[in-house]
Amino acid sequence: MDQFPSPLAALAWLLEAGVDEALDDRAVDRFAVPQPPPAKLAGTPSTVGRPMPPPQPVRATVSVEAAMIDAARQLADSCADLAALERAIRAFDGGGLKAGALNTVIADGIAGAPLMVIGEAPGAEEDAKGLPFVGRAGQLLDRMLAAIGYSRTTNAYITNVIYWRPPGNRKPTVAETALCRPFVERLISLCEPRVILLLGGTPSTALLDSKVGITRLRGQWHSFLGRPVMPSLHPAYLLRNPAAKADSWRDLLALQARLTADD
Ligand code: URA
């Protein structure tokens, strides 16, 4: 029996799984694509039956990535002010991400504000408008900030660890966040926020180099570039798990106390 009752049902299933963009003009039948030949077996008795070691693209890939990160860091560090940094980010290709996005989404709010909020990556609405956190999660974020006396129009600055919408709203990869990190760091140095709020696991693990998940990381103060950082739950997660709002509220109160203590 067919797994899907109709092509429309198959399409709906794909959309739900986040496959919402065509990468090519023509469909590719992956089952028809020739498979690589099986690994050759060496002829000596000691290695008979063991596959030959694969070719070694890994080290080459790692050094290409390291070179790209170096280039991004040099570019970011050469930017004397925010305008220059914005131009540099817009001219950057984000390791290919830019090609699939409508807009480069850098930041919204007051540069130089005491609070900087760093999220994951633009979604579809952010990509369309060129501004971070303008969809449903963004509206919840605005309400969360308002509850502790902050807003993007008066005293907060909002950005992400990635400046382009990943295809199908997938999570950014470690390589993508590593490539953008020099720009995030430069943005922080130029804006000099007193306190940073990280929203969700992606920015928290990317910037704090932590292997611990966000549910264990949240609610504790960390330090990044010499500034106090609070990792907390992403508003998109809170929309799906309203019971977690109590934890989020505790984090927001700690954030507010730190910001007002420094006044
Ligand atoms: N989620 C994010 O992490 N960032 C945005 O800009 C929008 C949604």
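1. A residue counts as buried when its relative accessible area is under 20%, and L198, with a value of 1%, therefore falls in that class. The model discussed here is a predicted one, and L198 is a convenient place to begin, as this residue lies in strand β4. Leaving aside residues up to four places away in sequence, L198 touches I118, P203, S204, L207, L208, V229, M230, P231 and S232. A further spatial relation concerns H234, which is 36 residues from L198 in sequence, while the two C-alpha atoms are 8.3 Å apart.

2. For the chain as a whole, the assignment gives ten helices and six strands. Of its 263 residues, 39% count as buried. When contacts between residues at least 6 apart in sequence are considered, 70% of them join residues that are at least 24 apart.

3. Helix α10 comprises residues 245-261, and its 17 residues should span 24 Å at 1.5 Å a residue, which agrees with the 24 Å found between its end C-alpha atoms. The buried residues in α10 are S248, D251, L252, L255 and L259. Viewed down the axis of α10, these buried residues fall within an arc of 100°, so they line one face of the helix. R250 and A261, on the other side of α10, are exposed. The cover over the buried residues of α10 includes the strands β2 (115-119), β4 (195-199) and β6 (227-232), together with the helices α5 (136-147) and α9 (235-240).

4. Helix α5 can be read in the same manner. Its twelve residues reach 17 Å from the first C-alpha to the last, close to the 16 Å expected at 1.5 Å a residue. Buried positions in α5 are A137, G138, L140, L141, M144 and L145. These cover an arc of only 160° around the axis, which puts them on the same side of α5. The face turned away from that buried side carries R136, R143 and A146, which are exposed. As for packing partners, the buried residues of α5 pack against β2, β3 (156-160), β4, α9 and α10.

5. One residue of α5 that belongs to neither the buried nor the exposed class is Q139, found in this helix and partly exposed, with a relative accessible area of 43%. The C-alpha atoms of Q139 and P235 are separated by 8.9 Å, although the two residues are 96 residues apart along the chain.

6. The largest pocket has a volume of about 720 Å³. Of the 28 residues that line this pocket, E120, A137, H234, A236 and R240 are the closest to its centre. The elements giving two or more residues to the lining are α4 (124-129), α5, α7 (201-208) and α9, and the largest share, four residues, comes from α9. Sorted by class, the lining of the largest pocket has twelve nonpolar, nine polar and seven charged residues. Two of the names close to the pocket centre recur from earlier points: A137 is one of the buried residues of α5, and H234 is the residue whose C-alpha lies 8.3 Å from that of L198.

7. Three backbone angles deserve a check by eye. Most residues other than glycine have a negative phi. F133 has a positive phi of about 50° although it is not a glycine, and this residue lies in the loop between α4 and α5. With a relative accessibility of 6%, F133 counts as buried.

8. E192 also has a positive phi of about 50° without being a glycine. Its place is the loop between α6 (174-191) and β4. Is E192 buried or exposed? With a relative accessible area of 52%, E192 is exposed, since the exposed class begins over 50%. The remaining angle belongs to a glycine, G149, which takes a positive phi of about 85° just after α5.

How values were computed. Residues are numbered from 1 along each chain as its sequence is written. This is a predicted model: local features need pLDDT of at least 70, side-chain atom pairs count only at pLDDT 80 or more; totals for chains, interfaces and linings use all residues. Side-chain values use heavy atoms; hydrogens and water are left out. The expected span of a helix is 1.5 Å times one less than its number of residues. Buried means under 20% relative accessible area, exposed over 50%, partly exposed in between (1.4 Å probe, protein chains only). The arc is that of the directions from the helix axis to the C-beta atoms. Contact means heavy atoms within 4.5 Å. On a 1 Å grid over the protein atoms alone, a cavity is a set of points where a 1.4 Å probe fits but cannot get out, and a pocket is an open set with protein on both sides within 12 Å along at least five of seven lines; lining residues have an atom within 4 Å of a point. Grid points are joined across faces, edges and corners, and a volume is the space filled by probe spheres set on the points. Ala, Val, Leu, Ile, Met, Phe, Trp, Tyr, Cys and Pro count as nonpolar, Asp, Glu, Lys and Arg as charged, and the others, Gly among them, as polar.
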